[in-house]
Amino acid sequence: EIVVTARKMEEYEGLVTKSMDIISEEKIKASGAVKLEDVLFELPGLSVLKYGSYEGLSSLNMRGASSKQSLVLYEGIPLNDIFTGGVDLNLVEMSGIGRVEVIKGGMSAIYGADAAAGVVNLIKEKKKSAIADLTASYGSDNFQKYSISSDYQIAGVKYSVTGNEEKSPGYMENSGFFKRSAGARIAFSGDALDSKLSGYYMKREEGIPFNQFGPSPAAKQFDELFAVGAEETLKFNETKVVVSGYYRGGDLAFKNPDISVNDRHIKNEGKVSVMTSYTAGPVNVYGGYEFSNKSAKSLKTGNQSTGNHAVLTNATAYLFEKLVLTAAVREDIHSVYGAVTSFSGGARYSIADSTDIFASVSQAFSEPTFGDLFWDETLDFYGVYTSITKGNKDLKPEKTMSYEAGITKKEGNISEKIVLFRRDVTDMIRWVTETDGYMTYDKSSPVNVDRAVIMGAEVEAEFTLFDFVAVSAAYSYLDARDGKTGKKLS
């Protein structure tokens, strides 16, 4: 009876034919997690890579894939960076999240380029209402954090509002930070129309205590992000029409007055989509059209923009009260790298009242970033030596074939799941450096050259001993190898 949004629409968890983990509001609260990385770290197949100090970059690694291949959504709005494609998990405060849904495996047939490895969907709506929830935290190095949230319903309108502030002077010179963030969700449900409006905002300033040359006592990083999204659902008996869209922007700047560094990247993205869902007995068909536009104004790339048109359709059939079949196909037409086709298919079968087996296959892709396509930088060392960093507009997307099979059992107070998977990645983008051999110049540029084969297994179990005690365990095994040589990858 758990309702999820794996296909951009509400459906029961039992109709999903891929590996899926749901972290409920109760689990989030019981864990005491204050950061998204704390929640995701406990799931099999997911790891978190941290760089720098407390507020430094926290990057998601899903089944051995890079951060840019895992789509992280906040109420349907991407948190992935418009310029690099990756996501910083420090953007999200768990005080405003009602549940977290994680779908592993290629999801490009539904969500497009950023979902080659999977999707993390953050839902603000909470089951338990509270007019006001206040939290204050203090720690070493004068760490301070304050949060306020309100989740309530007034005259049929549900709302969720959250505000956060955290700061610390840091544990060493130039390691301090100051961050403010806010999120909101307003929803209204009627007989023929459902409406939702959501958004978030984050502003952060932090010192960079070290760089590749050593201590950097004056270097600073400034981040500012905002997003607004809207969704209207029209209901006509068995048919639903969903019109949605969002607009988001970001401003990232690095400043170091000691060496005259003033590097800035302004990023924007807008997306609109029109989808239709039709249900006839045990079959549901969902599809439509979407358009997105990304732009960047950067000192390293200049003013650049890209556009993407996409059409998609997917279907689910629930047969004999035991068998679920799913299929999806999507066609993207991008202004730079052209047309790309994604597809997926899956099945789920109930072999007993509490035991399901499932399997899926999908073809997904990850697009070149703005830096891969447009980076343009030349460093001249007093006319003697030139270092050239140049993007490549002829790059193709990285392509992934994903295969997965698993078994899940939920009986009484015990739940168990075992999953085997394989990912074959081709046309991987790697930056290579050419030199003339005389120390006259180095030229670095990206090319589609690498291949990888990634296989693994995930095992997880949970046992609820009492209403107030639960014991869980998870194990992941990952084997990543070069697709040409067979050698293990780091």
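G307 is buried, with a relative accessible area of 14%; buried here means under 20%. The model in which this residue sits is predicted. G307 belongs to strand β21, which covers residues 302–319. Beyond its neighbours within four places in sequence, G307 is in contact with F291, S292 and N293, and also with I333, H334 and S335. A253, by contrast, is 54 residues from G307 in sequence, and the two C-alpha atoms are 25 Å apart in space.

T239 can be read in the same manner. T239 has a relative accessible area of 21% and therefore counts as partly exposed, since the buried class takes in values under 20%. This residue is in strand β18, residues 239–256. With neighbours within four places in sequence left aside, the contacts of T239 are L234, T276, S277 and Y278. A280 lies 41 residues from T239 along the chain, with 9.2 Å between the C-alpha atoms.

The chain as a whole gives the setting for these residues. It has four helices and 30 strands. The radius of gyration is 23 Å, close to the 23 Å that the globule rule gives for 490 residues, so the chain is as compact as a globular protein of that length. Along the principal axes, the C-alpha atoms fill a box of roughly 75 × 50 × 45 Å. Buried residues make up 47% of the 490. Among contacts with a separation of 6 or more, 57% are between residues 24 or more positions apart.

One part of the strand arrangement is an open sheet of five strands, with mixed pairing and the order β3-β8-β9-β6-β7. β3 and β7 (77–78) stand at its edges, and each has a single partner strand, so one side of each is left without a neighbour in the sheet. At one edge, β3 pairs with strand β8 (residues 99–104) in the antiparallel sense over four bridges. Within that pairing, I22 stands opposite E101 in β8. The side chains of β3 (residues 20–23) divide into two sets: M20 and I22 point one way, D21 and I23 point the other way, and all are buried. At the other edge, β6 and β7 run antiparallel and are joined by two bridges, with L73 opposite P78 in β7.

Nonpolar packing involves several of these strands. The largest nonpolar core has 32 residues, and those with the most contacts inside it are L40, L79, V100, V102, V120 and L122. Elements giving two or more residues to this core include β6, β8 and β9 (118–123) as well as β4 (46–50), β5 (58–62), β14 and β17. The largest share, three residues, comes from α2, which spans 36–41. V102 shows how the surroundings of one core residue are made up. Not counting residues up to four places away in sequence, V102 touches S19, M20, D21 and I23, then L40, L43, L46 and M62, and finally V119 and V120. A second, separate core of 13 residues includes L71, L73, V119 and A328.

Aromatic rings add a further set of links. The count comes to seven aromatic pairs. In one of these, Y74 and Y200 are edge-to-face, at 5.3 Å centre to centre with 65° between the planes. The pair links distant parts of the chain, with Y74 in strand β6 (residues 70–74) and Y200 in strand β14 (residues 193–207), 126 residues apart. Y74 and Y200 are both buried. In the pair of F226 and Y247, the ring centres are 6.0 Å apart and the planes are at 45°, so the pair is tilted. F226 lies in strand β17 (residues 220–236) and Y247 in strand β18, so this pair ties together parts that are 21 residues apart in sequence. F226 counts as partly exposed at 35% relative accessibility, and Y247 is partly exposed with a relative accessible area of 39%. Elsewhere, ring pairs link F83, F370, F374 and W375 into a cluster.

Two basic side chains also lie over aromatic faces. R63 is over the face of F421, at 4.3 Å from the ring centre. K255 is over the face of F222, at 5.4 Å from the ring centre.

Key. Residues are numbered from 1 along each chain as its sequence is written. This is a predicted model: local features need pLDDT of at least 70, side-chain atom pairs count only at pLDDT 80 or more; totals for chains, interfaces and linings use all residues. Side-chain values use heavy atoms; hydrogens and water are left out. Buried means under 20% relative accessible area, exposed over 50%, partly exposed in between (1.4 Å probe, protein chains only). Two strands pair if DSSP finds at least two bridges between them. Contact means heavy atoms within 4.5 Å. Rings of Phe, Tyr and Trp (its six-membered ring) pair if their centres lie within 6.5 Å; planes under 30 degrees apart count as stacked, over 60 as edge-to-face and the rest as tilted. A charge sits over a ring if NZ of Lys or CZ of Arg is within 6 Å of the ring centre and within 35 degrees of the ring normal. A nonpolar core is a set of buried Ala, Val, Leu, Ile, Met, Phe, Trp, Tyr and Cys residues joined through side-chain atoms within 4.5 Å. The radius of gyration is taken over C-alpha atoms; the globule rule is 2.2 Å times the number of residues to the power 0.38.
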